[in-house]
Amino acid sequence: MAVRGNPDYPVNRGYLCVKGIYQFRALEARDRLRAPMIRKGEIWKRVSWDQALDLVASKIKEAVAAGGPHVVGFYGTGQAILEDYYCLAKLAFGAIGTANLDGNIRLCMSSAAEGHKLTYGSDGPPGNLDDVEETGCILLFGCNPANMHPILFYRMRRAKLICGTKVIVIDPRITPSSILADIQLRPRICTDLALLNAMANVLIRDGLVDHDFIRRHTNGFDEFRETVRPYTPEAAQEICGVPAREIERAARIYGEARRAFSLWMSGANQRHTGTALNRMLHSLALITGNAGRAGANTLSLAGQCSSMSGKETGAYGNLPGYRDFQRPEDREELAKLWGVPPERIPRRERPFQALEQVASGQIKLLWVIGSNPAVSYPDANFARQVLGAAPFLIVSEAFHPTETSRYAHLVLPAAIWGEKTGLFTNSERRVNLCRQAVSPPGEARPDWWIFGQVAARLGHGALFPFRDSEAIFEEWKQVSRRTPVDMSGMSYEKIESRQGIRWPCNRIHPEGTERLYSDLNFPSRDGRAELAAFEHEEPEEKTGPEYPFRLNPGRVLQQWMTRTRSAKIAELEAEVPRPFVDLNPSDASRLRIKDGEQVRLVSRRGQALFWAHLTDRMHPGELFVPFHFGEQTANFLTPNIVDPISKQPAFKGSAAVRVEKL
Ligand SMILES: Nc1nc2c(c(=O)[nH]1)N[C@H]1C(S)=C(S)[C@@H](COP(=O)(O)OP(=O)(O)OC[C@H]3O[C@@H](n4cnc5c(=O)[nH]c(N)nc54)[C@H](O)[C@@H]3O)O[C@H]1N2
Ligand SMILES: Nc1nc2c(c(=O)[nH]1)N[C@H]1C(S)=C(S)[C@@H](COP(=O)(O)OP(=O)(O)OC[C@H]3O[C@@H](n4cnc5c(=O)[nH]c(N)nc54)[C@H](O)[C@@H]3O)O[C@H]1N2
Ligand SMILES: [Mo]
C-alpha cells in the first residue's frame with residue numbers, strides 16, 4: 001500500500017498532507033478492531049455479527065418499550081462517508097423515531113452552521129476554495145491552515161507569491177500560518193469580537209462600505225452601525241490589546257481590496273460567542289459588498305473530511321436535506337419519501353447534547369459512532385463519568401481499546417477510509433467519490449451495513465434495501481431533491497469524471513454550483529442577508545490569583561484529533577510524541593520553569609501534565625496546549641461552557657488555569 005497525490009485533482013493538485021501520505025499505515029495497526037466484542041466486567045469476549053446485531057436490536061426494543069423512542073441516542077462523527085450518515089439518519093428518524101442524533105460536528109462547526117442560517121437563511125458556506133486564487137485580500141481569522149489545512153495553505157502561499165495577495169491574520173498566537181501575514185493582529189484570547197466591531201467602525205467611519213449593496217441586499221444596517229459605534233479603535237485597544245493604528249490599518253487593507261475573502265475555523269467557532277463571531281465575520285463581508293463574487297466572499301472551513309456530508313444528510317443538526325424538525329411540511333415530506341407514518345419523524349425543540357442527556361437520565365442507550373469523546377469532549381472527567389455510567393453503551397470503531405470504547409458494553413468493528421466506497425463533501429460543498437482500495441480487516445464492515453442490519457432486526461428491513469453504497473446514494477439523491485443540498489443531478493460516474501461536484505446539482509445546475517448566492521438572492525424570507533453586531537463579552541470563568549492563565553487548546557500538524565490513528569504512524573508520532581505547553585518566557589521565569597521541564601496544569605475541574613516549551617509567540621498569561629493526548633488531554637481542564645445559540649463548546653479561552661512546577 002502507498003498513497004500518492006493526483007496532480008489533476010482540482011482541490012489538492014497532487015499535493016498531500018503528511019497525514020494523508022502516511023494514513024494507510026494506521027489501517028494496519030495492531031489494535032484494529034476485527035470482530036464485534038462484548039464486555040462482561042473487565043473481560044472482552046468475541047461474538048459473531050449475528051449475536052452482536054441481535055443484542056443491539058433487543059436492547060433498542062427494550063429501551064423503547066420502557067421509555068419511548070427518545071431514550072435512544074446516537075453520537076456520530078464527521079469522518080464517515082455520506083452513505084453512512086444517510087443510513088444513520090434513516091435508522092434514527094425513520095425506523096426508531098428518536099430525535100436524539102448528534103455528533104462531534106457539534107464540537108466543530110455548529111456555530112458556523114448557525115451563523116449561516118441566521119445570516120443567509122440556510123446553512124452552507126457561500127465561497128469556495130478557488131476564491132483563494134481569485135481574491136486580492138485574505139482575512140485568516142482563528143485558524144492555522146499551515147498546519148490544519150496544509151493543501152489550502154499551499155494554495156494561499158502560491159497565490160501570494162504570484163498575485164501579491166494581501167493577507168491579514170487575526171490570532172492571539174504567532175503560528176506557522178503567520179508567515180503569510182502582511183499584518184497580524186494579536187488580540188488577547190477571547191477579545192476579538194471587540195476587534196471586529198472596531199474594524200467595522202473604521203470601515204463605516206472611513207467610507208469603505210458599499211452603501212448600495214447594503215441597501216439592496218441586507219437588513220439591519222442601522223442597528224449594526226449603532227452597535228459598533230462605541231467600538232472605536234482606541235476603545236478596542238483597551239479591550240484586546242491591539243494598537244488602534246493596527247486595527248485601522250487592517251480595516252483599510254480589507255476595505256480597500258476590490259475583492260476580499262475571509263476564512264475562519266475553530267478560533268471563531270469554539271467560543272462562548274461563536275455564533276456572534278460567525279455573524280460578525282459575514283457582516284464585515286456584506287457591508288463591504290464582498291458577497292456572491294469570485295474572490296469576494298466568505299468560507300468557514302470544515303474540520304473533518306466529511307462533516308459537511310453529516311450535516312447534509314441529517315446525521316447532525318437538521319433532518320435530512322437541511323429540513324427543519326419544527327416544520328410539519330418538512331417532516332411530512334420526509335415521511336412520504338421514506339414511506340413511513342408521518343408521526344414517526346420526530347420533532348426537536350433544541351439540539352441534542354448527548355452526554356449531558358445521558359447524565360440527566362433521559363438517554364438509556366447511547367451509540368457512539370466514530371468519535372472518542374472521553375478525550376475530545378469538554379470537561380473530560382465529566383465525559384468519562386457519564387460514559388462509565390451509561391446504562392448501555394455501543395461504540396462503533398476502527399480501533400480498540402480507545403479511551404471511549406473501554407467503557408462500551410459492545411464494540412462493533414468499522415471499515416474506514418480506504419476500506420469502503422463512498423462520498424465525502426469537503427469545505428467548498430464539493431462531493432467527492434472515494435473508492436475502496438483495500439479490504440477491511442477481519443469482520444469489519446461499513447457503518448451503513450451495520451445500521452441496515454439493525455433496522456432489519458427492528459422490523460424495518462424494507463427501509464434499507466441497499467446492496468452497496470451507490471444504491472444508498474441513488475435514494476439519497478431523491479431525498480435531497482429541491483433542498484438546498486440538492487444532489488439529484490449527480491451520479492457516482494459523473495462525480496468521478498468531473499472530479500467532484502459542488503451542490504446544488506440538478507436539472508437547472510447540471511454541473512453543480514460554483515458559489516452559493518451569486519445572484520445575491522439569499523434563501524431568507526425576503527431574499528436579503530441579516531447584518532448583526534454584538535457586544536464584547538468576557539468568558540464566564542474568570543482568571544485570578546489562583547488560576548491566572550487562559551488556556552488555548554488546539555492542534556499540531558503531525559497529530560490527528562485523539563491520536564487513534566496518528567499515534568500509530570511512526571513518521572508522525574516521532575515529530576510530536578508528547579503533550580507540550582507553549583508559554584511566554586516571562587511567565588516561565590516568574591514561575592522558575594525551564595524549557596523542556598514537565599509541569600502540571602490545574603483548572604477548577606482537573607489537571608494534566610505537559611512539557612514546557614518557552615516561546616514569545618505566546619502572549620503572557622496565555623497557554624497553548626494540544627488536545628490530542630488522551631491521558632493528558634487538555635479537556636481535563638476545559639469547562640463544559642457552550643455558545644448559547646449553537647451549543648458548541650467554548651474550547652478556546654474558556655478555562656482559567658494555573659501552572660505548577662513539579
Ligand atoms: N493536523 C491536524 N489537522 C487538522 C486536525 C487535527 O487534529 N490535526 N483537525 C481538523 C479539525 S476537526 C478541525 S475542526 C480543524 C481546526 O483547525 P484550526 O481551527 O485551524 O485549528 P486550532 O488549532 O484548533 O485553532 C486555530 C487557531 O485558533 C486560535 N485562537 C484561539 N483563541 C482565539 C481567539 O480568541 N481569537 C482568535 N482569532 N483566534 C483564536 C488558536 O491560537 C489557533 O491558532 O483542523 C482540522 N485539521
Ligand atoms: N480542547 C479541545 N477539544 C476539542 C477540540 C479542540 O480544539 N480543543 N476540537 C474539537 C473538534 S473540532 C473535534 S472535530 C473533535 C474531534 O474529536 P473526536 O470525535 O474524538 O475525533 P477522533 O479522535 O478523530 O475520533 C474519531 C474516531 O472515529 C474513528 N473512525 C474514523 N473513520 C470512521 C468510520 O468511517 N466509521 C467509524 N465507525 N469510525 C471511524 C477513528 O478511528 C477515531 O477513533 O474534538 C473536539 N475537541
Ligand atoms: Mo473539528
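This note reviews a predicted model, with attention to its two ligand sites and to a set of paired strands.

1. Shell of ligand 1. The model is predicted, and in it 32 residues surround ligand 1. The closest of them are Asp171, Asp192, Ser266, Arg555 and Gln559. By class, this shell divides into 13 nonpolar, 12 polar and 7 charged residues.

2. Polar contacts of ligand 1. Two side chains approach oxygen atoms of ligand 1: a polar side-chain atom of Asp171 lies 2.7 Å from an oxygen atom, and an N or O atom in the side chain of Arg271 is 3.0 Å from an oxygen atom. With Gln559, by contrast, the backbone takes part: one of its N or O backbone atoms lies 2.7 Å from a nitrogen atom of ligand 1.

3. Burial of ligand 1 and the elements around it. On its own, ligand 1 exposes 910 Å², and the protein buries 99% of that area. The elements that contribute two or more residues to the shell around ligand 1 are α7 (145–148), α14 (266–269) and β18 (549–554). Ser266, one of the closest residues to ligand 1, is where the range of α14 begins.

4. Shell of ligand 2. Ligand 2 is surrounded by 32 residues. Asn104, Ser371, Glu397, Asp447 and Thr562 are the closest. The shell consists of 14 nonpolar, 12 polar and 6 charged residues.

5. Polar contacts and burial of ligand 2. A polar side-chain atom of Thr562 lies 2.5 Å from an oxygen atom of ligand 2. Backbone atoms also take part: a polar backbone atom of Gly370 is 3.2 Å from an oxygen atom of the ligand, and a polar backbone atom of Ser396 is 3.2 Å from a nitrogen atom of ligand 2. Alone, ligand 2 has 910 Å² of accessible area, of which the protein covers 99%.

6. Strand β18 and its partner. Strand β18, which gives two or more residues to the shell around ligand 1, also pairs with strand β23 (residues 656–661). The two run antiparallel and are joined by 2 bridges. Within this pairing, Phe549 stands opposite Val657 of β23.

7. Strand β20 and its partner. Strand β23 is also joined to strand β20 (residues 598–602), through 4 bridges and in an antiparallel arrangement. Here the bridge partner of Val599 is Lys661 in β23. Strand β23 therefore pairs with both β18 and β20, given that pairing requires at least two bridges between strands.

Conventions. Residues numbered from 1 in each chain as written. Chains lettered and ligands numbered in written order. Predicted model: local features only at pLDDT ≥ 70, side-chain atom pairs only at ≥ 80, totals over all residues. Heavy atoms only, no water. Near = heavy atom within 4 Å. Polar contact = N/O pair within 3.5 Å; in protein donor to acceptor, adjacent residues only side chain to side chain. Areas by Shrake-Rupley, 256 points an atom, 1.4 Å probe, with all protein chains shown as cover. Nonpolar A, V, L, I, M, F, W, Y, C, P; charged D, E, K, R; others polar.
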